[in-house]
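Q: Could you walk me through reading a fold, feature by feature? I would like the general idea before each case.

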Amino acid sequence: FVAAARAEGLRVGLYFSPMDWRHPDGTRCAKEERARRRFVSLTHGLVRELMSNYGKIDILWYDSIWPLDAEKLQSKEMNAMVRALQPEIIINNRSGVPEDFGTPEQHIEADKSGRMWEACMTMNDAWGYTPIDKEYKSAWTILSNLREVAAGGGNLLLNVGPSPAGDVPYECTAVLNQVGQWLRVY
């Protein structure tokens with residue numbers, strides 16, 4: 001992935017969710033100190049691997065740290081390790097500490113401190129493929145969101161949940177084509 005993106009002249013961002021529902025310590029870590037220490041060690045090790053094995057990484061995009069908080073996850077130490085390994089990286093705020101940019105979810109809100117931000121929105125109501133969720137946003141809604149985000153100096157992260165076969169749902173393709181047509185003109 002990283003090599004293919006670099007070959008096309010693109011920057012590389014990696015997504016990492018500290019919460020691991022499958023790991024035995026994933027939910028226990030909030031109540032058992034030994035489980036927390038194991039889970040933190042695992043999490044920091046996985047982040048170290050991502051920052052060490054794939055060349056230059058431009059963005060680290062964390063997701064939920066639940067059930068821990070920044071102190072219990074040792075987020076400051078983890079991010080210091082990330083910056084030691086990737087000095088030019090930018091990191092979002094979802095490790096529980098502010099870092100470089102904010103990520104409001106399902107709403108548009110410029111960061112009050114003036115730092116970078118991106119609104120994280122979905123095409124419908126779900127983050128993953130959910131065939132029964134047919135509440136797709138219209139092209140007009142997405143364009144309105146894009147204009148509001150751009151006016152506030154932010155970035156729009158628009159999620160599309162592909163099917164298990166990797167296909168983008170037709171409803172998303174149709175809406176995104178309309179958005180693209182508008183963007184080509186304006």
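Q: Let's start with a helix on a sheet: across which strands does α5 lie, and at about what angle does α5 run to β2?
A: Happy to help, and please keep in mind that this is a predicted model. Look for the strands a helix covers, then compare directions. Here α5 lies across β2 and β3, and its direction is at about 160° to that of β2. You can read α3 in a similar way: α3 lies across β1 and β2, running at about 165° to β1.

Q: What is the strand order in the sheet under those helices, and which pairing does it have?
A: Read a sheet from one side to the other and note who pairs with whom. The order is β1-β2-β3 in an open sheet of 3 strands, and the pairing is parallel. The edges belong to β1 (13-16) and β3 (90-91); each has a single partner strand, so one side of each is left without a neighbour in the sheet.

Q: How many bridges join β1 to β2?
A: There are 4 bridges between β1 and strand β2 (residues 59-62), and these strands run parallel. To find the register on screen, start at Gly 13, which stands opposite Ile 59 in β2.

Q: Now the helices themselves. At roughly what angle do the axes of α3 and α5 cross?
A: Two packed helices are described by the angle between their axes and the distance between the axes. For helix α3 (residues 33-52) and helix α5 (residues 75-85), the axes come within 10 Å and cross at roughly 15°. Angles under 35 degrees count as roughly parallel, and α3 and α5 are therefore roughly parallel to each other. Their crossing is right-handed.

Q: Which residues make that contact?
A: From α3 come Thr 43, His 44, Val 47, Arg 48, Met 51 and Ser 52, and they meet Glu 77, Met 78, Met 81, Val 82 and Leu 85 of α5. By type, the residues of this contact are 6 nonpolar, 3 polar and 2 charged.

Q: What is the strand order in the sheet that contains β5?
A: That open sheet has 3 strands in the order β4-β5-β6, with parallel pairing. Its edges are β4 (101-102) and β6, each with a single partner strand, so one side of each is left without a neighbour in the sheet. Helix α6 packs on this sheet, touching β5 and β6, and its direction makes about 150° with that of β6.

Q: How many bridges pair β5 with β6, and what handedness does the β-α-β unit have?
A: Strand β5 (residues 116-122) and strand β6 (residues 155-159) pair over 5 bridges in the parallel sense. Two landmarks help: Glu 118 stands opposite Asn 155 in β6, and the bridge partner of Met 121 in β6 is Leu 158. Together with helix α6 (residues 139-151), β5 and β6 make a right-handed β-α-β unit.

Q: Where should I look for unusual backbone angles?
A: Most residues other than glycine have a negative phi, and most peptide bonds are trans. In this model, Trp 66 and Pro 67 are joined by a cis peptide bond with omega of about 10°. Pro 67 lies in the loop between β2 and α4 (70-73). Gln 74 has a positive phi, near 60°, and its place is in the loop between α4 and α5.

Q: How many helices and strands does the protein chain have?
A: The count is 7 helices and 6 strands. Along its principal axes, the C-alpha trace spans about 55 × 35 × 35 Å.

Notes:
Residues are numbered from 1 along each chain as its sequence is written. This is a predicted model: local features need pLDDT of at least 70, side-chain atom pairs count only at pLDDT 80 or more; totals for chains, interfaces and linings use all residues. Side-chain values use heavy atoms; hydrogens and water are left out. Axes are lines fitted to C-alpha atoms, for helices over the stretch in contact, and angles run from 0 to 180 degrees between N-to-C directions. Angles under 35 degrees count as roughly parallel, over 145 as roughly antiparallel, 65 to 115 as roughly perpendicular and the rest as oblique. A crossing is left-handed if the near helix is turned anticlockwise from the far one by less than a right angle, and right-handed if clockwise. Contact means heavy atoms within 4.5 Å. Ala, Val, Leu, Ile, Met, Phe, Trp, Tyr, Cys and Pro count as nonpolar, Asp, Glu, Lys and Arg as charged, and the others, Gly among them, as polar. Two strands pair if DSSP finds at least two bridges between them. A crossover is right-handed if, with the strands pointing away from the viewer, the path from the first strand over the helix to the second runs clockwise.
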